[in-house]
Amino acid sequence: MNAPQTRATDTFSAVLRRTRLAAIVRGPDADAALRTVLALLDEGVSLVEVSLNTADALGVIRRAVAEARPEAFIGAGTVLTEDDVARAREAGASWIVTPALTESLAASVRAGMPVLAGALTPTEAVAARRAGADAVKLFPASIGGPGYLKALRDPFPDLPFVPVGGVDLTGAEQYLAHGAVAVGVGSPLVGDAVSGGDLDALRARARRFVALCAGAPRQEQA
């Protein structure tokens with residue numbers, strides 16, 4: 001199945017729900033990180049997060065935005081503070097990812113930036129959504145696995161969950177089958193590319209993830 005195509009007029013939420021995949025780039029080599037971002041975009045991954053603990057993360061974001069196609073969504077991850085939000089926005093990030101419910105969530109909402117807010121417990125998930133998160137980053141998802149997502153979806157069927165943390169191809173398929181709106185994938189997708197490793201292998205993995213997420217059955221969400 002072909003990957004869903006994005007358009008310059010798409011919103012973050014629309015792309016998240018349609019493509020069902022966000023890539024996470026985090027590494028010690030800024031140039032390799034940039035090459036990784038651009039390769040992912042080339043292979044149809046429309047949502048790419050550059051973690052702020054990547055070497056020269058803001059520079060990577062700035063360069064990626066300049067080189068990427070207009071409809072790509074380059075985000076900033078591991079955003080903790082109000083200052084992080086301001087710096088990410090200035091660098092050109094179009095969406096924000098937090099690892100927890102910190103001041104960055106409110107700051108992102110005030111700035112009008114879409115935000116994927118980290119939460120683990122039911123209380124945190126509900127709080128994230130009520131505070132204005134566009135979707136809830138279930139993190140670290142590996143603690144409970146797909147069964148935990150299924151348990152959360154029973155009382156909260158309308159919450160848009162995006163499991164992140166240890167999500168490989170098999171896990172992605174299971175999370176999507178249990179109602180995840182999308183999955184966030186780091187090292188199982190990116191591999192050693194962020195350290196200057198094999199870009200051809202990265203591209204092959206990206207194609208597999210894009211195809212799986214595009215073809216996974218969908219459940220109704222609000």
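**An eight-stranded parallel sheet and its helices**

An open sheet of 8 strands, paired in parallel and ordered 7-6-5-4-3-2-1-8, is found in this structure, which is a predicted model. Strand 7 (161-163) and strand 8 (183-185) stand at the edges with a single partner strand each, so one side of each has no neighbour in the sheet. Between neighbouring strands the average turn is 25°, with direction ignored.

**Strand 3 and the helices around it**

- Strand 3 (residues 73-77) and strand 4 (residues 95-97) are joined in the parallel sense by 2 bridges, and Gly-75 has Trp-95 of strand 4 as its bridge partner.
- Helix 2 (residues 30-42) packs on the sheet, where it touches strand 1 (21-25), strand 2 (47-51) and strand 3, and its direction makes about 165° with that of strand 1.
- Helix 3 (residues 57-67) has Ala-57, Leu-58, Gly-59, Val-60, Ile-61 and Ala-64 buried, and the cover over its buried residues includes helix 2, strand 2, strand 3 and helix 4 (82-91).

**Strand 6 and its partners**

- Strand 6 (residues 135-138) is covered on both faces, with Ala-135 and Lys-137 buried on one side and Val-136 and Leu-138 buried on the other.
- In a regular strand, side chains alternate between the two faces of the sheet.
- Strand 5 (residues 115-119) runs parallel to strand 6 and is joined to it by 4 bridges, with Ala-117 having Val-136 as its bridge partner.
- Strand 6 also runs parallel to strand 7, through 3 bridges, and here Val-136 stands opposite Phe-161.

**Crossovers**

- Strand 5, helix 6 (residues 122-130) and strand 6 form a right-handed β-α-β unit.
- From strand 6 the chain passes through helix 7 (residues 145-153) to strand 7, and this β-α-β crossover is right-handed.

Note on methods:
Residues numbered from 1 in each chain as written. Predicted model: local features only at pLDDT ≥ 70, side-chain atom pairs only at ≥ 80, totals over all residues. Heavy atoms only, no water. Pairing = 2+ DSSP bridges. Axes fitted to C-alpha atoms, helices over the stretch in contact; angles between N-to-C directions. Contact = heavy atoms within 4.5 Å. Buried < 20%, exposed > 50% of the residue type's maximum accessible area, 1.4 Å probe, protein only. Right-handed = clockwise from strand over helix to strand, strands pointing away.
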